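Here is a friendly walk through a protein model, written for someone who works at the bench. Please keep the viewer open while you read.

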Amino acid sequence: MKKYFLFFVLALVALPLAGCKNRVRVELTSSPVEAASLRGAGTYSPGEEITVSARPEPGWEFVGWTQGEEAVAATPDYTFVVRNKIKLTANFQPLEYAVSALAQGPGSVRQPGESASYGRDYSLSAIPEGGYRFVCWIDEGEIVGYKADYTFTVAGDRELTALFWPDLDLEVGEGGRVEEAFTLEPARVSLKAVPAAGYEFFGWLDLETGQEAELGEVLSFTPDRIRRLLARFRQELVSADGSDLAAVVGKTTTIGRYAPADLVELPSSLSVKGRRVRKEVAQALEVMAQAARAEGVVLDVDSGYRSYSTQDDLFYRYAKRDGVLAAERYSARPGQSEHQLGTAVDFGGTNKNYSDAFADTAPGKWLAANAHNYGFALSYPRGKEEVTGYMFEPWHYRYVGLELAREWKETGLTLIEFLSAKGLVP
Ligand SMILES: [Zn+2]
C-alpha cells in the first residue's frame, strides 16, 4: 500500500515538471499589427500537430506566413508539427479599391488615381467651367460633401459625382443675410433672406433684368441659367403723419395710405393740367404765382397730389422701363412720396421740364431764389442724393408753411435733414 502511494505522489509531481521542461512556445504576429486577428499562439508539446490561423480585418488581404525571412505558407490556415520554439508572422497588404469620380454638368474632376489602398486618405477636387459653380459631391444619390475639395478615407469602392450648376452671383445688401438650400430631384435652388434686427426684407432684385424677382423672403428657382441676384434689406420704416405739414417723408419713413381730406383743383392759370393740392397749398401757390408773374415769370404746376395707388402704378411703370434701382433715384414708392401729402408740386411750363436744365429756366431760377418766402422748400437739391435718396429735382417743391420754409432756408440743410432735426421723427 505504501509503495503504491509513493509512486502516485511521484507521478503527480514529475509529470507537470516534465511537461514544463519540454513544451515549446509558438509566437504569432501580423504585419501590420492592425491587419488581422490571429489564432493558435501558445505553448505546445513537441511533436504536436497544430494549426495557426490569420483572419484579415476589413480592407486587408492575406499574403502569407513567414518565419524570419522565409515564406512558410501561402494560406491563412497553416498546419505544422511543433518541434522547437517558433515565431511566425502573418503578412497582409491593404486591398486596392476603385475610385471613380465623374462631373455632372460643365466642370471637371481632379483625382490622384483610379484606385487607392484601404485606409489611405484620398482627395478629389471639383473644378467648374466659367459661368458654372460646384454644388456638391454625390455618392449613390446622397450628398456627401459641399466643398469642392473632398477628402475621404478609402474603405471600399467609391463612385462619386461632382455636380455643377450655372453660376449664382449673389449680392447681399446691408441689413441681413441669405441662407441657401437646394434639392437634387427636382433640381431647385432655394434662397431665404433673413433680415437683421431693425431691418426688413426689401425684395429680390434680378440684376440681369433690373426687376424685382420676388418680394417674399424665399426665392426658389430651377438652376437652368446664370442668376445675378441682390437680396435687399431696409431699415424698418418709421410711420409719419401725412396730415402734418412738417411730416418727414423719405426712404425710411412711410405715410401709409394717407390721403388728404381738403384737396382742391388748381385753376388753369396755375396748372394747365388742373392738378390738385391741399387747400392751404393752393392759396400759397396763388400768392406765389402772382408775385412771380409781377416779375414776368409764369409758374405752372405740372404735377400735384398723387394717391397711394397712382404712385404705385407710377413707380412700377418707371421700374419696368428703367429698372428698380434707377427708378428709385427719381421716383418714390407708394406711401413714401411727398406728392401723396398733397403739399408737393412739380413745376413745369418750360421746354426743360423734369431735367437739370429746369434750374436754369426763368421759373427754375425764380423759385430757387424766392419759393421759401411763400412757404415752399426745394426737397431734392443738387449733390445731395446720398442724403435725400433722390437725384437733383429743381422742379419739385414742397409746402411746409412760411415759418418753417424760411427757417429751413437759413439752415442750408436739405429739407429732410431739417425736418428730422426738428425732432419730428422718432
Ligand atoms: Zn415731384
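The report below covers confidence, domains, strand pairing and nonpolar cores.

**Confidence and domains**

This is a predicted model, in which local features need pLDDT of at least 70, side-chain atom pairs count only at pLDDT 80 or more, and totals for chains, interfaces and linings use all residues. Residues are numbered from 1 along each chain as its sequence is written.

The chain has an average pLDDT (the predictor's confidence in each residue, from 0 to 100) of 93, and 94% of the residues score at least 70. Residues 5-19 stay under 50, and the model has zero contacts beyond four places in sequence for them; a contact here means C-beta atoms, placed from the backbone, within 7 Å.

The domain assignment, which is automatic or from a database, gives domain 1 (23-94), domain 2 (96-166), domain 3 (168-235) and domain 4 (238-424). The C-alpha centres of domain 1 and domain 2 are 40 Å apart.

**Strand pairing**

Strands (E, at least two residues) and helices (H or I, at least four) are DSSP runs numbered from the N terminus, and two strands pair if DSSP finds at least two bridges between them. Three antiparallel pairs are set out here.

| Strands | Bridges | Residues standing opposite or bridged |
|---|---|---|
| β5 (60-67) and β8 (86-94) | Six | Thr 66 and Thr 89 |
| β5 and β6 (70-73) | Three | Trp 65 and Ala 73 |
| β20 (199-206) and β23 (227-235) | Six | Tyr 199 and Gln 235 |

The hairpin of β5 and β6 has two residues between the strands, and Gly 68 takes a positive phi near 60° there.

β20 and β23 also belong to an open sheet of four strands, ordered β17-β23-β20-β21 with mixed pairing. Its edge strands, β17 (168-172) and β21 (211-214), each pair on one side only. On average, neighbouring strands of this sheet are turned by 35° against each other, direction ignored; the axes are lines fitted to C-alpha atoms, for helices over the stretch in contact, and angles run from 0 to 180 degrees between N-to-C directions.

**Nonpolar cores**

A nonpolar core is a set of buried Ala, Val, Leu, Ile, Met, Phe, Trp, Tyr and Cys residues joined through C-beta atoms within 7 Å. Buried means that 20 or more other C-beta atoms, placed from the backbone, lie within 10 Å of the residue's own; exposed means 12 or fewer, and partly exposed is in between.

Which residues touch the most other members of the largest nonpolar core? Of its 39 residues, they are Leu 285, Met 288, Phe 376, Ala 377 and Tyr 397. Helix α2 gives the most to this core, with six residues. Not counting residues up to four places away in sequence, Leu 285 touches Leu 266, Leu 270, Val 277 and Val 301. A second, separate core has 18 residues, including Ala 116, Cys 136, Leu 160 and Trp 165.

Note on methods. Two residues are in contact if their C-beta atoms, placed from the backbone, lie within 7 Å.
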